[in-house]
Amino acid sequence: MSGAPPKVPAIFAGQVVTSAQMNALSAVATFLFGKPSAYVQASTAQAMSGATSISFPTKIRDSDGMWNSGSPTLLTVQTPGYYRVAYYVPHAAVASISYVKFTAGTNNPQHPTTKLCWSGSAQGSAAVVCCGAAGVVPVYMYLGDTVEVVVTSGSAVSTDFATNGPASFSMEFVSAGY
């Protein structure tokens, strides 16, 4: 699907709609029904010490080639636009923060900018803590921009997927910005 999303053609009241405009509307509908999205998981414990990018080695869904087994900590934009990101990571560090890290790729005029988005809340007891957050990445994303989940713990711990299920990370296209 990579590339720019199709544009809705201008159609005015009283205008006879052309076959080209109908085809453009069809392309928009097809795009919206199969819009870019990815959902990945991690179910094997990972050691964390300081700021750690979480690895998500299991692809559940990826309609646009955002996930790559060679870089399982990242989701990479293939279709430019704005994206909603959500994540959940269970672990064993009460004193921790988590966040989404956006890095502008070489196609982005802001390259090599890195932005940290929404610190996730850490909830739980001394034994099990779960952190997560969701929202729209506050910058327009270009082909090659990346997003990853980072958890910073105050001590060396590991993720805890046996008790609270697998960690998850998702990214979904929400707007072309025009």
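A nonpolar patch is made of Val, Leu, Ile, Met, Phe, Trp or Tyr residues with over 30% relative accessible area and no salt bridge, their side chains joined within 5 Å. The views below come from a predicted model.

**View 1. A nonpolar patch lies on the surface.** Five residues form this patch: Val 8, Ile 11, Val 17, Met 22 and Leu 25. Together they have about 400 Å² of accessible area. Val 8 sits in the segment before α1. Its relative accessibility is 57%, and Val 8 counts as exposed. Helix α1 itself covers residues 19–33.

**View 2. The whole chain combines 2 helices with 10 strands.** Along the sequence the order is α-β-β-β-β-β-β-β-β-β-α-β. The protein has 178 residues, and 41% of them count as buried. It exposes about 8,600 Å². Carbon and sulfur atoms supply 57% of that area. Take the contacts with a separation of 6 or more: 72% of them join residues 24 or more positions apart.

**View 3. Glu 172 and Lys 35 form a salt bridge.** The whole structure holds 1 salt bridge. Its side chains meet at 3.6 Å, N to O. Glu 172 belongs to strand β10 (residues 167–175), while Lys 35 is in the loop between α1 (19–33) and β1 (37–42), so the pair ties together parts that are 137 residues apart in sequence. Side chains of opposite charge can pair when their charged atoms come close. Glu 172 is partly exposed, at a relative accessible area of 31%. Lys 35 is also partly exposed, at 28%.

**View 4. Ser 170 is a buried residue of strand β10.** Its relative accessibility is 16%. The cut-off for buried is under 20%, so Ser 170 falls within that class. Which residues does Ser 170 contact, leaving aside neighbours within four places in sequence? They are Ala 38, Tyr 39, Leu 75, Arg 84, Val 85 and Ala 86. Of these, Leu 75 falls in strand β4 (residues 74–76).

**View 5. Thr 52 lies in strand β2.** This strand covers residues 47–53. Thr 52 is buried, with a relative accessible area of 13%. Residues up to four places away in sequence are not counted here. Thr 52 then touches Ala 47, Val 149, Val 150 and Val 151.

**View 6. A cis peptide bond joins His 111 to Pro 112.** Omega is near 5 degrees. Most peptide bonds are trans. Pro 112 is in the loop between β6 (96–103) and β7 (114–124).

**View 7. Cys 117 and Cys 131 are buried.** Cys 117 has a relative accessible area of 6%. For Cys 131 the value is 2%. The structure has 0 disulfides.

**View 8. Confidence varies along the model.** The mean pLDDT of the protein is 85. A value of 70 or more is reached by 84% of the residues. Where is confidence lowest, and where is it highest? It is lowest in helix α2 (residues 161–164), at a mean of 66. Strand β4 (residues 74–76) has the highest confidence, at 96.

Terms used: Residues are numbered from 1 along each chain as its sequence is written. This is a predicted model: local features need pLDDT of at least 70, side-chain atom pairs count only at pLDDT 80 or more; totals for chains, interfaces and linings use all residues. Side-chain values use heavy atoms; hydrogens and water are left out. Helices (H or I, at least four residues) and strands (E, at least two) are DSSP runs, numbered from the N terminus. Buried means under 20% relative accessible area, exposed over 50%, partly exposed in between (1.4 Å probe, protein chains only). Contact means heavy atoms within 4.5 Å. Accessible areas come from the Shrake-Rupley method with a 1.4 Å probe; for residues, only the protein chains shown count as cover. A salt bridge is a side-chain nitrogen of Lys or Arg within 4 Å of a carboxyl oxygen of Asp or Glu. Patches are made of residues with over 30% relative accessible area and no salt bridge: like charges are joined within 9 Å, nonpolar side chains (Val, Leu, Ile, Met, Phe, Trp, Tyr) within 5 Å. pLDDT is the predictor's confidence in each residue, from 0 to 100. A disulfide is a pair of cysteine sulfur atoms within 2.5 Å.
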